[in-house]
Amino acid sequence: MLWIYYAFVKREAALLLITINTFGIIVESAYLIIFLIYASKKSRLSTIKLLLLLNVFGFGAMLLSTLYLAKGAKRLSIIGWICLVFNISVFAAPLFVISKVIRTRSVEYMPFFLSFFLTINAVMWFFYGLLLKDYYVALPNTLGFVFGIIQMVIYLIYRNATPVLQAPLKGQELSGGHIIDVVKTGSEHNPAGGGGAVSKF
């Protein structure tokens, strides 16, 4: 939505920004609808609140303020900076999963192809912005390329690692109806002298 607004204000060389982001709105709306259909009631309500806060009131406030309080190049600059910040957040969002990947030694929550195509996407849009001297497009995609490389390196490091299982607390019921009881053993039960854990099902 932000990039389409930016493209309409800019007007020059805006066709790709309009067409691609229109397609993006359709796809992301489909994702949101599917999520809202199958999510729990709590998740559904929190998502609806976020949509109203950001997509309706947030975008609406930005739209009205830039239409009536700014003109010409200043309006384009304000919208460009807003788009730049949100674009960086899109690329940075998967980075929050990295700590979980390192902690669990599992890449389950960080698909390689998502990082790969985000990186390719960043490279192409960087050159698009650079050739048109549109730095609001080029700059965030520079960071997008860096973030994408970091994610792929982390993936390659941990893709064959043995995952660290997070043991439930004592007496916690598992999904299959079993009870796990983790019993710490002392050095007398461990010839190596270290503590161990025995799970009883």
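Here is a short conversation about a predicted model and the reasons behind some of the words used for it.

User: How do you know that the length of helix 3 agrees with its number of residues?

Analyst: Helix 3 covers residues 41-69, which is 29 residues, and at 1.5 Å a residue these should span 42 Å. The end C-alpha atoms are 40 Å apart, so the two values agree.

User: Where is the kink in helix 3 centred?

Analyst: The kink is centred on Gly-58 and comes to about 25 degrees.

User: Which residues of helix 3 are buried, and what do they pack against?

Analyst: Thr-47, Phe-59, Gly-60, Met-62 and Thr-66 are buried. The buried residues of this helix pack against helix 1 (2-10), helix 2 (15-38) and helix 4 (72-92).

User: Why is Lys-133 called exposed?

Analyst: Exposed means over 50% relative accessible area. Lys-133 has 65%, so the word fits. You can find Lys-133 in the loop between helix 6 and helix 7 (135-158), and its phi is near 55 degrees, a positive value in a residue other than glycine.

User: And why does Arg-105 count as partly exposed?

Analyst: Partly exposed lies between the 20% and 50% cut-offs. Arg-105 has a relative accessibility of 35%, so it belongs there. Arg-105 sits in the loop between helix 5 (98-104) and helix 6 (112-131). Its phi, too, is near 55 degrees.

User: How many aromatic pairs are there?

Analyst: The count comes to eleven. One of them is Phe-112 with Phe-113.

User: What makes the pair of Phe-112 and Phe-113 edge-to-face?

Analyst: Two rings pair if their centres lie within 6.5 Å, and planes over 60 degrees apart count as edge-to-face. Here the centres are 5.7 Å apart and the planes stand at 80 degrees, so the pair is edge-to-face. Phe-113 counts as exposed at 57% relative accessibility, while Phe-112 counts as partly exposed at 22%.

User: Why is the pair of Phe-112 and Tyr-155 called tilted?

Analyst: Stacked planes are under 30 degrees apart and edge-to-face planes over 60, with the rest called tilted. These planes are at 45 degrees and the ring centres 5.1 Å apart, so the pair is tilted. Phe-112 lies in helix 6 and Tyr-155 in helix 7, so the pair ties together parts that are 43 residues apart in sequence.

User: Which residues form one aromatic cluster with these rings?

Analyst: The cluster is made of Phe-112, Phe-113, Phe-116, Phe-117 and Tyr-155.

Methods
Residues numbered from 1 in each chain as written. Predicted model: local features only at pLDDT ≥ 70, side-chain atom pairs only at ≥ 80, totals over all residues. Heavy atoms only, no water. Helix = DSSP H or I, 4+ residues; strand = E, 2+ residues; numbered from the N terminus. Expected span 1.5 Å × (residues − 1). Bend = angle between axes of the 7 residues up to and from the residue. Buried < 20%, exposed > 50% of the residue type's maximum accessible area, 1.4 Å probe, protein only. Contact = heavy atoms within 4.5 Å. Phe/Tyr/Trp six-rings, centres within 6.5 Å; stacked < 30°, edge-to-face > 60°.
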